[in-house]
Amino acid sequence: RTYCNAEGGLRKTELSRLLSAAKITEDCGLSCHAGHGLAFNNISDIAQIPEIVEFNIGHFLIGESIFIGLSNAIKKMRVLIDEARRDNKSNRGIDN
């Protein structure tokens with residue numbers, strides 16, 4: 001199982017693993033990227049991880065564009081990511 005497929009308590013466990021991995025990646029001086037399985041319904045928690053610098057979501061966006069158009073798919077995902085990042089900064093007391 002992965003974060004994207006997990007539900008309930010298992011999803012929280014997987015998210016904790018991702019948080020730890022992202023921090024280790026940054027500590028090693030590497031860039032942390034996330035993708036594969038990210039969608040509108042699960043991007044918010046991942047987007048709150050500040051160490052993740054890139055989301056590989058192109059495949060999802062192209063697939064979603066069949067239903068709502070590419071521009072709308074990109075805009076919707078951008079809003080979700082931006083809101084999650086802003087909320088996370090607010091929760092940590094960081095100014096934008």
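Start with helix α1 and select its buried residues: they pack against β1, α2 (43–47) and β2 (52–56). The model is predicted, so read every value here as computed from a predicted structure. The buried residues to highlight in α1 are E14, L15, A22 and T25. These residues cover an arc of only 105° around the axis, which puts them on the same side of α1.

Now turn the view to the other side of α1. Select G9, K12, R17, I24 and D27, which are exposed there. To check the helix as a whole, take the distance between its end C-alpha atoms. At 1.5 Å a residue, the 20 residues of α1 should span 28 Å, and the end C-alpha atoms are 29 Å apart, which agrees.

Stay on α1 and pick I24, which sits in this helix. I24 counts as exposed because its relative accessibility is 51%, and the cut-off for exposed is over 50%. Add E51 to the selection: it is 27 residues from I24 along the chain, and the two C-alpha atoms are separated by 9.4 Å.

Step off the end of the helix to G29. Just after α1, this glycine takes a positive phi of about 85°.

Next, go to the loop between β1 and α2, where H36 is placed. Phi of H36 is near 55°, a positive value in a residue other than glycine. Is H36 buried or exposed? H36 is exposed, with a relative accessible area of 76%.

Select G37, which also has its place in the loop between β1 and α2. G37 counts as partly exposed, at 44% relative accessibility. Leaving out residues up to four places away in sequence, G37 touches C4 and N42. Show F60 as well: G37 and F60 are 23 residues apart in sequence, while their C-alpha atoms are 7.7 Å apart in space.

Move on to helix α4, residues 70–91. Its 22 residues should span 32 Å at 1.5 Å a residue, and its end C-alpha atoms are 32 Å apart, which agrees. Which residues of α4 are buried? Select A73, M77, L80, I81, A84 and N88. They cover an arc of only 90° around the axis, which puts them on the same side of α4.

With those residues still selected, show their surroundings. The buried residues of α4 pack against α2, β2 and α3 (58–68). Then rotate to the other side of α4, where K75 and S90 are exposed. Elements α2 and β2 are worth keeping on display for a moment: buried residues of α1 pack against both, and so do buried residues of α4.

The last stop is the largest pocket. Select Y3, L18, A34, G35 and I46, the residues of its lining that lie nearest its centre. In total, 16 residues line this pocket. Which elements give two or more residues to the lining? They are α1 (8–27) and β1 (32–35), so colour these two elements to see their part in the lining. About 250 Å³ of space lies in the pocket. Colour the lining by class to finish: 11 residues are nonpolar, four are polar and one is charged.

Note on methods. Residues are numbered from 1 along each chain as its sequence is written. This is a predicted model: local features need pLDDT of at least 70, side-chain atom pairs count only at pLDDT 80 or more; totals for chains, interfaces and linings use all residues. Side-chain values use heavy atoms; hydrogens and water are left out. On a 1 Å grid over the protein atoms alone, a cavity is a set of points where a 1.4 Å probe fits but cannot get out, and a pocket is an open set with protein on both sides within 12 Å along at least five of seven lines; lining residues have an atom within 4 Å of a point. Grid points are joined across faces, edges and corners, and a volume is the space filled by probe spheres set on the points. Helices (H or I, at least four residues) and strands (E, at least two) are DSSP runs, numbered from the N terminus. Ala, Val, Leu, Ile, Met, Phe, Trp, Tyr, Cys and Pro count as nonpolar, Asp, Glu, Lys and Arg as charged, and the others, Gly among them, as polar. The expected span of a helix is 1.5 Å times one less than its number of residues. Buried means under 20% relative accessible area, exposed over 50%, partly exposed in between (1.4 Å probe, protein chains only). The arc is that of the directions from the helix axis to the C-beta atoms. Contact means heavy atoms within 4.5 Å.
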